[in-house]
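Let's take a walk through a structure together. Have a look at the picture below, turn it around a little, and then read on.

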There are 2 protein chains.
Amino acid sequence: MDNHLDGFFSALADPTRRAVIERLTTGPAPVSELHAPHDMALPSFMKHLGKLETAGLIRSEKVGRVRMVHIEAGPIAEAETWLKKQRRLWEGRLDRLSALAEHIEEESNNG
Amino acid sequence: MDNHLDGFFSALADPTRRAVIERLTTGPAPVSELHAPHDMALPSFMKHLGKLETAGLIRSEKVGRVRMVHIEAGPIAEAETWLKKQRRLWEGRLDRLSALAEHIEEESNNG
DNA sequence: ATAATACTTAGCCTTATGGATAACCATCTT
DNA sequence: AAGATGGTTATCCATAAGGCTAAGTATTAT
């Protein structure tokens with residue numbers, strides 16, 4: 001059960017990295033452009049990109065001296081699936097509980 | 001833009017804590033029961049519960065000497081929403097790209 | 001050939017994280 | 001009243017995370 005969810009969630013547990021993902025949904029970009037809006041030294045910023053890349057959330061390749069970065073599909077869907085599953089299980093339980101509550105109420109009305 | 005997503009994602013970035021959440025979808029439980037399957041000292045385990053609680057993912061109250069823990073609704077849905085949004089944006093972009101590609105292909109066939 | 005651009009690498013620092021032990025307090029049980 | 005149960009508090013420790021500066025390496029531009 002120790003999937004890539006670890007790296008995935010911890011990759012998104014940082015506002016800088018979430019901002020990068022949000023930016024990348026509008027299309028690929030070179031490192032320098034991604035870096036621009038963040039008030040932080042480039043090497044620090046590169047660490048964030050590194051984390052996103054090892055988590056599989058982005059991919060990048062270098063063309064000349066420029067490194068282009070683009071978003072990656074799979075992982076987001078995977079995490080979404082996990083969350084959805086938990087929510088469903090939990091909501092299902094609530095439903096059964098309220099059904100039970102109704103049942104008990106009926107019983108007490110009729111009996 | 002610095003919501004509760006930080007705490008939320010980092011709370012789920014650990015297998016122990018995700019396991020606790022999974023367990024809690026089947027219903028509330030006392031700390032000792034939650035702890036049992038995890039090969040880890042109680043105080044260490046309690047830190048995980050603490051993180052889940054400050055992230056708003058669980059809530060707990062003490063009855064006698066027992067502390068009962070249950071899962072909390074909102075945050076999961078919120079994170080799911082964020083992920084869904086990113087995925088939609090990104091898929092939307094792919095769609096536009098492939099539409100563009102088709103268009104170009106048509107052009108080159110007709111012209 | 002020089003200089004500017006766009007990263008890279010290396011090393012340092014501080015705080016957060018995930019784990020442990022030891023000792024403590026508050027309830028039940030017997 | 002003792003003892004067992006179920007947490008809690010206090011410390012401590014090692015490693016990871018997030019930030020920095022300084023210096024280095026390729027490419028491209030002049």
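Let's start with chain A on its own. Of its 111 residues, 38% count as buried. Keep in mind as you look that this is a predicted model. Chain A exposes about 6500 Å² of surface, and carbon and sulfur atoms supply 54% of that area.

How many helices and strands can you pick out in chain A? The secondary structure comes to 5 helices and 3 strands. If you trace chain A along its sequence, you'll meet these pieces in the pattern α-α-β-α-α-β-β-α. How does the chain touch itself? Take the contacts in chain A between residues at least 6 apart in sequence: 52% of them join residues at least 24 apart.

Now bring in chain B. Rotate by 180°, with 0.0 Å of shift along the axis, and chain A is superposed on chain B with an RMSD of 0.0 Å. That is the relation of a two-fold axis. And where do the two copies touch? 97% of the interface residues of chain A are also interface residues in chain B, so the copies meet through the same surface.

Next up is the DNA, beginning with strand C. There are 20 residues around DNA strand C, and Met46(A), Arg65(A), Arg67(A), Lys47(B) and His48(B) come nearest. Which parts of DNA strand C come within 4 Å of the protein? Sugar and phosphate account for 60% of the atoms that do.

You can zoom in on some individual contacts here. In the side chain of Ser32(A), an N or O atom is 2.8 Å from a phosphate oxygen of DNA strand C. Arg17(B) also has a polar side-chain atom by a phosphate oxygen of this strand, at 3.0 Å. For Lys62(A), the partner is a sugar or linking oxygen of DNA strand C, 3.4 Å from an N or O atom of the side chain. Zooming back out, the elements that give two or more residues to the surface near DNA strand C are helix H3 (31-35), helix H4 (42-54) and strand S3 (66-71) of chain A, along with helix H4 (42-54) of chain B. Which element gives the largest share? That's H4(B), with 5 residues. Sorted by class, the surface near DNA strand C has 8 nonpolar, 4 polar and 8 charged residues.

Now hop over to DNA strand D. It is surrounded by 20 residues, and the closest are Ser44(A), His48(A), Ser32(B), Met46(B) and Arg65(B). Of the atoms of DNA strand D that come within 4 Å of the protein, sugar and phosphate account for 60%.

Three arginines are worth finding here. Arg17(A) has a side-chain N or O atom 3.0 Å from a phosphate oxygen of DNA strand D. Arg67(B) has one 2.9 Å from a phosphate oxygen of this strand. Arg65(B) reaches a base instead: a polar atom of its side chain lies 2.7 Å from a base oxygen of DNA strand D.

Which elements supply at least two residues each to the surface near DNA strand D? They are H4 of chain A, together with helix H3 (31-35), H4 and strand S3 (66-71) of chain B. H4(A) gives the most, with 5 residues. By class, the surface near DNA strand D has 8 nonpolar, 4 polar and 8 charged residues.

Notes: Residues numbered from 1 in each chain as written. Chains lettered and ligands numbered in written order. Predicted model: local features only at pLDDT ≥ 70, side-chain atom pairs only at ≥ 80, totals over all residues. Heavy atoms only, no water. Least-squares fit on C-alpha atoms with pLDDT ≥ 70 in both. Contact = heavy atoms within 4.5 Å. Near = heavy atom within 4 Å. Polar contact = N/O pair within 3.5 Å; in protein donor to acceptor, adjacent residues only side chain to side chain. Helix = DSSP H or I, 4+ residues; strand = E, 2+ residues; numbered from the N terminus. Nonpolar A, V, L, I, M, F, W, Y, C, P; charged D, E, K, R; others polar. Buried < 20%, exposed > 50% of the residue type's maximum accessible area, 1.4 Å probe, protein only. Areas by Shrake-Rupley, 256 points an atom, 1.4 Å probe, with all protein chains shown as cover.
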